[in-house]
Amino acid sequence: LFFGFIICPPVWVIFTLPLGHKFNKVPIIKFMSYLTSHIYLMIHLMIVGITPPYPVVRLSLFPYWYEWGLLVWLSGLLLFELTNPSDKSGLGSIKILVLLFGIVGVGCHVAGYARLIKWPYWPTLMYVRNQFFALSFLLACVQILDFLSFHHLFGPWAIIIGDLLKDLARFLAVLAIFVFGFSMHIVALNQSFANLDDSKEGLRRLAQGERNAPIFSSGKFIF
């Protein structure tokens with residue numbers, strides 16, 4: 001039945017909507033409906049941001065049909081999250097991140113369509129948009145573990161991975177401090193300088209542009 005939901009969307013719609021039957025209230029049917037919806041979301045994200053059928057570089061940012069589909073899907077997820085907040089424990093918080101990155105990607109597209117970004121920069125804007133959709137797809141793949149939490153094999157793994165992600169976030173916060181300090185040190189190491197003669201005439205003869213050469217430059221006075 002689950003593969004029937006994925007292969008034939010009308011079957012999924014019939015079993016999910018309250019159409020006079022009680023299948024939509026059966027726990028296993030509800031679980032398969034949620035998982036099918038999640039797989040469809042991943043398919044939409046993949047088509048829009050990873051393997052788009054049409055070129056990303058284009059003269060008009062009017063959404064294609066599959067971009068409209070992703071917008072409707074994300075709108076439904078946002079409405080569902082506002083009316084029925086999900087559990088944030090474990091891997092449940094990833095669902096919020098999936099929705100957040102998707103909304104940011106939509107915001108990038110809207111910024112270009114509303115002419116907030118000039119048209120010569122639209123290819124870069126679409127590239128950034130697709131990166132947000134790709135991040136959302138990556139987190140959606142991780143979220144599958146949350147659906148498998150009931151499984152006797154994958155359930156303990158989902159709990160362990162959820163705890164590891166919290167520890168990873170703490171580690172990244174500490175790592176960011178050291179990376180920032182190391183980056184500033186690298187900038188200091190790459191400051192431009194030049195040895196002069198004993199008098200100050202060499203400094204006067206040195207052109208102003210060469211005297212204040214930018215960082216990481218490779219001019220003839222840089223050693």
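Q: If buried means under 20% relative accessible area, exposed over 50% and partly exposed in between (1.4 Å probe, protein chains only), which of these does L172 count as?
A: A friendly note to start: this is a predicted model, where local features need pLDDT of at least 70, side-chain atom pairs count only at pLDDT 80 or more, and totals for chains, interfaces and linings use all residues. Residues are numbered from 1 along each chain as its sequence is written, and side-chain values use heavy atoms, with hydrogens and water left out. L172 sits in helix α7 (residues 154–189). Its relative accessibility is 46%, so L172 counts as partly exposed.

Q: How many helices does the protein chain have?
A: Helices (H or I, at least four residues) and strands (E, at least two) are DSSP runs, numbered from the N terminus. Read from the N terminus, the elements run α-α-α-α-α-α-α-α-α. There are zero strands, and the helix count is nine.

Q: Which helix supplies the largest share of the largest nonpolar core?
A: Such a core is a set of buried Ala, Val, Leu, Ile, Met, Phe, Trp, Tyr and Cys residues joined through side-chain atoms within 4.5 Å. The largest one has 21 residues, and those with the most contacts inside it are L41, L45, L70 and V98. At least two residues come from each of α2 (9–16), α3 (27–50), α4 (65–83), α5 (93–113) and α6. Seven of the core residues, the largest share, belong to α3.

Q: Leaving aside neighbours within four places in sequence, which residues is L41 in contact with?
A: Contact means heavy atoms within 4.5 Å. L41 is one of the residues with the most contacts inside the 21-residue core. With those neighbours set aside, its partners are L70, W73, L74, L77 and V98.

Q: Which residues are joined into one salt-bridge network?
A: A salt bridge is a side-chain nitrogen of Lys or Arg within 4 Å of a carboxyl oxygen of Asp or Glu, and the structure holds four. E67 pairs with R58 at 3.2 Å, N to O, and also with R129, where the closest N and O atoms are 2.9 Å apart. The E67 and R129 pair links distant parts of the chain, from helix α4 to helix α6, 62 residues apart. Since salt bridges that share partners are joined, the network consists of R58, E67 and R129.

Q: Is R58 buried or exposed?
A: Its partner E67 is buried, with a relative accessible area of 9%. R129 is buried as well. For R58 the relative accessible area is 13%, so R58 too is buried.

Q: About how many helical turns separate D167 and R170?
A: The side chains of D167 and R170 meet in a salt bridge at 2.8 Å, N to O. D167 is partly exposed at 42% relative accessibility, whereas R170 is exposed at 53%. Because they are three residues apart in helix α7, their separation is about one helical turn.

Q: What is the phi of R115?
A: R115 is in the loop between α5 and α6, and with a relative accessible area of 59% it is exposed. Most residues other than glycine have a negative phi. R115 is not a glycine, yet its phi is positive, at about 65°.

Q: How far apart in space are L148 and L35, C-alpha to C-alpha?
A: L148 lies in the loop between α6 (122–147) and α7. At 26% relative accessibility, L148 counts as partly exposed. L148 and L35 are 113 residues apart in sequence, while their distance in space is 9.7 Å.
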